[in-house]
Amino acid sequence: MELLSNLGLGFSVAGSFANLAFCLIGAILGTLIGVLPGIGATATIAMLLPITFQLEPVSSLIMLAGIYYGAQYGGSTTAILINMPGESSSAVTAIDGYQMARKGRAGAALAICAIGSFFAGTVSTFLVAIFAPWLTEQALKFGAAEYFSLMVLGLVMSVVLAHGSIVKALAMVVLGLLLGVVGTDIYTGTPRFTMGITEYADGLNFVALAVGVFGIAEILRNLEDESETREVMTASVRNLWPTREDFRAMVGPVLRGTGIGSLLGILPGGGAILASFASYTMEKKISKNPQEFGKGAIAGVAGPESANNAGAQTSFIPLLTLGIPANPVMALMIGAMIIQGIVPGPSVVTDQPELFWGIIASMWIGNLMLVVLNLPLIGLWVKLLTVPYYILFPIIMAMCSIGVYSVASNTFDLYAVAFFGLLGYLMSKLRFEPAPLLLGFVLGPLLEENLRRAMILSRGDATTFVTRPISLTLLLMSLGVLVLVLLPAIRKGRDEVFVESEG
Amino acid sequence: MTIKLTRRLLLGATLALGFAGAALAEFPDRPVTLVIPFAAGGSTDVVGRIVADKMSAALGQQVIVQNVGGAGGSLGAGQVAKADPDGYTILMGTVATHALNPLILKQKPYDPVADFAPVSLLVLVPNVLAVNPELPVNNVQELIDLAKKEPLSYASSGNGTPLHLSGALFNSMAGIEITHIPYKGSGPALTDVLGNQVPIIFDNLPSTSGHLKSGKLKALGVTTAERAPSFPDIPAIAETLPGYETYSWNALFAPAGTPPEVVTKLNEAAKTAMADPDVIKQMDGFSTTIVASSPEELAEHVKAEMAKWEPVVREANVSLD
C-alpha cells in the first residue's frame with residue numbers, strides 16, 4: 001500500500017528528535033502569538049525566516065507550519081476570554097465563545113475548541129495525505145465565475161448569521177461591502193474612498209477592523225459597566241471541563257465543521273475565514289434551538305473552530321502540490337522553500353518525498369502536541385480573567401496596537417483600529433451585529449474582483465455564470481438558502497396579518 | 001513658547017549633528033534597516049532577505065528587513081526617500097519603484113533620481129511568456145498568428161506592474177490585442193493559468209520555473225534580449241520580435257544626501273554578499289542574474305530604464321491617480 005509506505009516515510013522524518021523539537025517550538029510559538037491579539041502568524045514567520053536559513057529544509061518548514069496552525073489554535077483563546085480574535089479566522093469563535101465565558105463556562109469553551117481542533121486537524125491531515133493531488137485538480141476548476149457564485153452563496157448565508165433583525169444584518173453586510181471597496185481598483189488602478197491617503201491604497205486592514213469592532217468595542221463596553229459583567233465571569237469559573245451533554249452537543253458540529261473546513265481550505269484566498277463563517281451559518285440553520293446562537297451555543301464554538309483548523313491544514317494542499325500560496329502565510333512558506341533551494345511546484349512530491357510526507361506527518365504530530373499543551377493550560381488562561389480589569393485592559397490595548405502595527409508597519413492601521421473601536425461601540429449600543437459586517441468586508445472585494453474578471457474573460461457575456469456547471473450549482477444553492485430564509489418570514493408575516501385582523 | 005521650541009529644536013539639531021558625526025566615523029554602529037516595499041514572500045522579499053543575511057556578516061551589524069508593502073511599492077520607497085540620510089535606512093528598489101511607478105503615477109510620492117543615493121544594482125530577473133499546454137501554440141509566432149484570428153487574454157500580477165507592461169509592449173510590437181487580466185499578485189494569476197481559466201501569462205521566471213520544468217506550463221519565450229542561462233531551451237521573444245526586451249531588477253538605494261563614505265561601505269557589503277557562494281547558488285537556483293554594480297552604474301541604469309519604459313507606458317496608456 002503506497003499510502004502507508006509514504007506515511008511511514010513521513011513519520012520517520014517527522015519523528016526524528018530534531019524535527020520533533022522544531023515541531024514543538026513551532027507549536028508553542030504559534031500558540032503564544034495566537035494568544036496575543038493582533039500579532040499574526042504572517043509577521044512572526046517573516047521575522048523568523050532568516051533563522052531558518054541555517055536549518056535543514058524539512059526542519060524549517062515543519063517549524064513554520066507549526067507556527068501557522070498553532071496560531072489558529074491560540075487565536076481562539078483570546079477570542080473566548082476577552083472577545084478579542086487573536087487571528088482573523090477566530091472572529092466567529094468570539095461570537096458564542098465569549099458569551100460562554102460570560103456565563104462562567106470559559107473552561108468548557110476552551111476545551112471544546114481544543115478537542116474540536118484536534119479532531120479536525122487529524123481528519124484533514126489524512127485528507128491531505130490521501131487526496132492532495134486530486135483535490136488540487138478540483139480547486140483549479142474554480143475560475144472567476146465559480147468564485148463569484150461562491151461569494152454570492154457566502155453573502156446570502158451571512159444574513160443567517162444575524163440573530164435579531166434581518167434588516168439590521170443586511171445593513172451591516174452592505175456597510176462591510178462598502179468598507180471592502182476602499183483601496184485601489186485592480187482593473188483601472190483608480191483609488192477609491194482613500195481620501196487621498198496613500199496608506200489606504202491597498203485597502204483597510206482586516207485585522208485592524210476585527211480588533212476594532214470586536215475587541216476595542218468590548219473594552220469600551222466593559223469599562224462602562226465593569227462591575228456586573230466581570231463578576232459573573234470570574235465568580236463561576238470552577239467548571240473547567242465540558243460536561244457529558246456538552247460532548248454530545250459538539251459531535252455533530254465538529255464533524256460538519258471538519259468537512260466544510262477541509263473543502264474551503266483548498267480554495268486560495270481566505271478559505272479558513274470563509275470556512276468558519278460557513279460552519280457557523282450551517283449550525284445555526286440546522287440547530288433545533290437557533291435562538292441560543294449568539295448567547296453561548298456550544299455548536300457555535302465547536303463547528304467554526306473545527307472548520308478553521310481543518311481549513312488551515314488543507315490550505316497546505318495547493319502549496320505542496322502546485323507551489324501556489326492560498327494565503328500570505330503560505331506565500332512566506334514558498335519564500336522559505338526558495339531560500340532553501342527548493343523550487344515549489346508539482347515536482348516537490350516526486351523530487352522531495354521526504355519533505356512532502358515529513359511535513360504532512362509533522363502536521364498531525366503538531367496537532368497532538370497542541371492538544372496536550374493546551375488542555376492543561378486552560379486553567380491558567382481562565383485565571384487571566386481574575387486579573388483586575390484596570391490592569392488587563394491597558395495591556396490588551398497595547399498588545400493590540402503592537403500586533404496591528406506589525407502586520408504592515410502602517411501607522412494608519414492604528415487610526416483604523418481606533419475608528420472601528422468607536423464604530424463597534426456605537427453598533428453594540430444600537431444592537432447591530434459585527435459578524436455580518438466582517439463577512440461583507442471579506443467577501444465584497446472578492447465578489448467584485450471575480451465578477452469583473454469573469455465578465456472580461458467572457459467578453460461581456462453574463463450567461464457565463466449559468467453556463468458553467470459549478471457556478472450554476474452554487475447560484476442555485478444560494479437561491480435555495482434565500483428561499484429557506486424568507487419562507488418563515490413570509491409565513492410569519494401572514495400570521496401577523498391574521499392576528500391584527502382578529503384583534 | 002516659540003523661544004522654548006526653537007531652543008529645543010536647536011538642541012535637537014546639535015544632538016543630531018553630533019550623532020551624524022559619530023555615525024560617519026564608524027558606520028555602522030547600530031543595526032541597518034532594509035525596507036522591502038512589498039509584502040513578505042514575494043521574489044523581491046526573498047532576494048532582500050538573502051542579501052540582508054549576508055550583508056549583516058559583511059557590515060558587522062544586523063541588517064533588519066522591514067516589509068512596508070502597499071501602493072505597488074510606492075509606500076516603502078517614499079518612506080526611505082524621506083528617511084534620515086545616514087545609511088541606516090536603505091531600500092530594496094525594483095523596476096517598479098524606480099522606473100514604472102514614477103512614470104505611471106499622476107501624483108508622484110518621490111523622485112526616483114533626486115530623492116535617492118544609488119548603492120548597487122544587485123540582480124536582473126528575467127520574465128517569461130508562458131501558456132497553458134492546452135493552447136494550441138508552440139512558439140511566439142504561432143501565438144501572434146492565433147491572436148490575430150481569435151480573442152485571447154493574458155494574466156499578470158497587476159495593473160502597472162512590469163509584467164503587465166511586458167504584455168503591453170508585446171501587444172504593441174506584434175500589432176495584436178491580447179486582453180490584459182490583472183490579478184492581486186503573481187500567485188493567483190498563476191493559479192488561473194494552470195487551471196486554464198486564462199490561457200496566457202507574463203510572469204517572473206523564478207516563480208514559474210517549477211511549472212515549466214513539470215510541463216504544467218509551456219514557455220514560449222523569455223523577455224530578456226538573450227536566452228536565460230538557466231533555461232537555454234527557451235528562445236528569447238526578441239528572436240521573433242527583434243528589439244523586444246524587458247526584465248525586472250532589484251537594487252539597493254539610500255536616501256539622497258547619504259555621505260559618500262557610507263554609500264561606499266554599503267556598496268562593498270552588497271558586493272561581498274553577492275559574491276558569497278551560497279548566494280550565487282541560491283540566485284542561480286531561481287534564474288536570477290547577479291550584477292552587483294557600482295553606485296554610478298546603478299545611477300546610469302535607472303536613467304536608462306526610465307528612458308526605455310517612457311514610450312511603452314505612453315503607448316499602453318497606463319496611468320494611475
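Start at the contact between the two chains of this predicted model: select 47 residues in chain B and 42 residues in chain A, which together make up the contact.

Stay on the chain B side and colour by secondary structure. Seven elements of chain B each give two or more residues to the side that touches chain A. Going along the chain, select helix H2 (43-59), strand S2 (63-67) and helix H3 (74-81). Continue with strand S6 (179-182), helix H7 (186-194) and helix H8 (205-214), and finish with helix H10 (277-285). Pause on H7(B): six residues of the side facing chain A come from there, the largest share.

Next, colour this side of chain B by residue class. The side that touches chain A holds 17 nonpolar, 21 polar and nine charged residues.

Now hide chain A and look within chain B. Select 30-124 together with 248-316 for domain 1, then 126-239 for domain 2, following the domain assignment. The centres of domain 1 and domain 2 of chain B, taken over C-alpha atoms, are 26 Å apart.

Move to where these two domains of chain B meet. Here 16 residues of domain 1 are in contact with 17 residues of domain 2. On the domain 1 side, select helix H4 (95-104) and helix H11 (295-316) of chain B, the elements that give two or more residues to the side touching domain 2. Which of the elements gives the largest share of this side? H11(B) does, with five residues.

Last, colour the domain 1 side of chain B by class: where domain 1 touches domain 2, there are nine nonpolar, five polar and two charged residues.

Terms used:
Residues numbered from 1 in each chain as written. Chains lettered and ligands numbered in written order. Predicted model: local features only at pLDDT ≥ 70, side-chain atom pairs only at ≥ 80, totals over all residues. Domains from an automatic or database assignment. Contact = placed C-beta atoms within 7 Å. Helix = DSSP H or I, 4+ residues; strand = E, 2+ residues; numbered from the N terminus. Nonpolar A, V, L, I, M, F, W, Y, C, P; charged D, E, K, R; others polar.
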